[in-house]
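Q: Please take a close look at the surroundings of the ligand in this model, and walk me through them step by step. I would like one connected account that a first-year student can follow.

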Amino acid sequence: MTASTNGRNVLISGGSIAGPSVAFWLNRYGFRTTLVERWHEVRPGGQNVDIEGSGRTVLRKMKLESEVLALHTKETGSNWMTIDGQSRLHLPMGDISPTNETEIQRGDLAKLLYDKTKAQTEWIFGDQIVGIDERGEGVEVEFQSGKKKEFYAVVLADGVGSRTRKLVLGPDEYQFRPLGCYIAYWGMPRDASDQFYDKWQIVPLPNRRILSTRPERTKQFTNTFFSFIEPTSLGLEKLPKAEQIEKLKPYLRGSGKYEATFIKGLENSNDLYLDYAGQIHAKRWHSTGGRVALVGDAAYCATPFSGMGTPLSLVGAYILAGEMARHAGDPKKGLEDYQRIMTPYVKSIQTLGPGIPRIVHPQTWLGIETLYWLVRTMVGIGRLWKRSGLEWLFSKISGPPEDEIVLPDYTALEIGSGQDGKKP
Ligand SMILES: Cc1cc2nc3c(=O)[nH]c(=O)nc-3n(C[C@H](O)[C@H](O)[C@H](O)COP(=O)(O)OP(=O)(O)OC[C@H]3O[C@@H](n4cnc5c(N)ncnc54)[C@H](O)[C@@H]3O)c2cc1C
């Protein structure tokens with residue numbers, strides 16, 4: 001334990017990606033950590049996420065890169081498909097493809113982070129924070145179970161729909177900015193006849209819908225991602241699961257070869273996750289008192305359309321914990337510096353491409369043909385750009401790409417590996 005952190009106890013709310021990552025780093029800096037997760041276990045489910053750019057650098061710092069690579073979903077590339085199951089464009093991994101080396105299922109990553117923190121962090125399942133009272137030298141927290149306890153600081157990492165956010169930010173201090181699009185994930189048994197199983201299959205459908213499938217690590221299931229444009233929320237995200245399934249079924253009609261399989265898979269699914277996609281934009285990622293911080297989707301959700309939610313959480317957790325340790329005697333300064341360092345990176349990731357997500361959800365068959373053409377053209381330009389060496393030259397002149405941030409070095413603050421108590 002260092003004199004600066006002195007075993008101070010920090011409570012973290014949310015046990016998915018950002019929460020346990022904060023715990024991981026705070027353990028290394030000598031804080032005591034407690035993590036409360038609303039679910040009754042590490043929440044399974046979620047589909048393929050990848051961890052490139054600075055997120056991967058953080059993974060390396062955590063010494064978890066090889067374990068993440070070992071959990072790869074074995075996706076070998078992506079294919080743009082027609083509704084009769086023909087591949088229109090194949091992009092192998094390593095080419096201009098959204099598939100890369102670090103494809104991992106969200107549930108696998110969450111479980112890995114749980115395993116790496118459970119020896120030092122006290123995990124509490126099935127409870128949640130209902131009251132936060134920041135006073136003087138600490139924060140008194142009230143739990144739904146009725147317990148009350150005082151902590152040195154609290155970190156809220158409970159996702160885009162965080163219920164605790166409103167305990168520290170006023171209604172005019174943050175905004176949920178909807179993207180006008182529903183997103184749904186569910187798993188279904190693998191179809192043995194699917195010849196493109198190991199590919200990310202993207203099937204644009206008319207009336208502004210996209211169906212896509214991705215392989216699952218054990219090869220027993222198919223991961224499904226379905227998105228569709230609705231200019232305003234229809235409240236589907238608040239319905240019980242059984243009703244969500246019934247409401248989703250009509251949206252899957254007219255998907256050709258895929259229709260029957262997907263509707264059946266949806267009917268039998270037990271892990272449907274449906275949300276009205278939107279970003280979180282907050283003025284502050286901490287309380288005015290400076291002892292309660294927000295991190296990950298709870299603070300700056302960028303949505304799956306950014307492709308960067310998981311790296312953003314890993315980087316945010318690394319910088320938050322590092323700044324808390326650096327300013328252990330002045331927590332407010334630590335949280336302000338965390339926000340200052342992260343802001344340009346968050347801004348660049350939250351800035352989605354022009355027209356996203358609407359542009360990739362065409363209304364008509366002609367629109368879909370135009371989309372295939374657009375993707376093919378952009379891939380062609382991307383390949384030329386890569387091969388010409390201009391990409392390398394540009395990166396030298398313009399500095400790190402937008403998915404990267406110069407990470408501060410907090411090594412000197414570490415007191416143990418976080419796993420075996422030895423200096424890493
Ligand atoms: C079930 C699930 C599936 C997902 N699937 C995908 C996917 O397929 N693709 C993708 O790009 N992104 C997915 N995401 C989002 C992705 O995990 C995040 O964008 C990103 O990794 C940031 O993670 P986070 O830890 O900030 O938030 P999240 O991953 O959203 O985790 C929040 C955690 O907090 C818990 N929680 C919520 N409220 C409370 C509370 N009041 N008290 C205590 N705990 C609480 C939740 O149960 C969850 O474990 C999914 C998230 C979840 C929860």
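**The surroundings of the ligand**

A: In this predicted model, a nitrogen atom of the ligand lies 3.1 Å from a polar backbone atom of R38. The protein covers 92% of the 910 Å² of accessible area that the ligand has on its own, and the elements that contribute two or more residues each to the shell around the ligand are the strand β2 (32–37) and the helix α8 (309–326). Of these contributions, the one from α8 is the largest share of the shell, at three residues.

Turning from elements to single residues, there are 26 residues around the ligand, and those that come nearest are S16, A18, E37, Q47 and D297. For E37, an N or O atom of the side chain is 2.6 Å from an oxygen atom of the ligand. For D297, it is again an N or O atom of the side chain that is involved, and this atom is 2.7 Å from an oxygen atom of the ligand. In the case of R38, by contrast, the polar atom belongs to the backbone, and its partner in the ligand is a nitrogen atom.

The make-up of the shell can also be described by residue class: eight of its residues are nonpolar, 12 are polar and six are charged. E37 and D297 belong to the charged class, because Asp and Glu are counted there together with Lys and Arg.

Definitions and conventions:
Residues numbered from 1 in each chain as written. Predicted model: local features only at pLDDT ≥ 70, side-chain atom pairs only at ≥ 80, totals over all residues. Heavy atoms only, no water. Near = heavy atom within 4 Å. Polar contact = N/O pair within 3.5 Å; in protein donor to acceptor, adjacent residues only side chain to side chain. Areas by Shrake-Rupley, 256 points an atom, 1.4 Å probe, with all protein chains shown as cover. Helix = DSSP H or I, 4+ residues; strand = E, 2+ residues; numbered from the N terminus.
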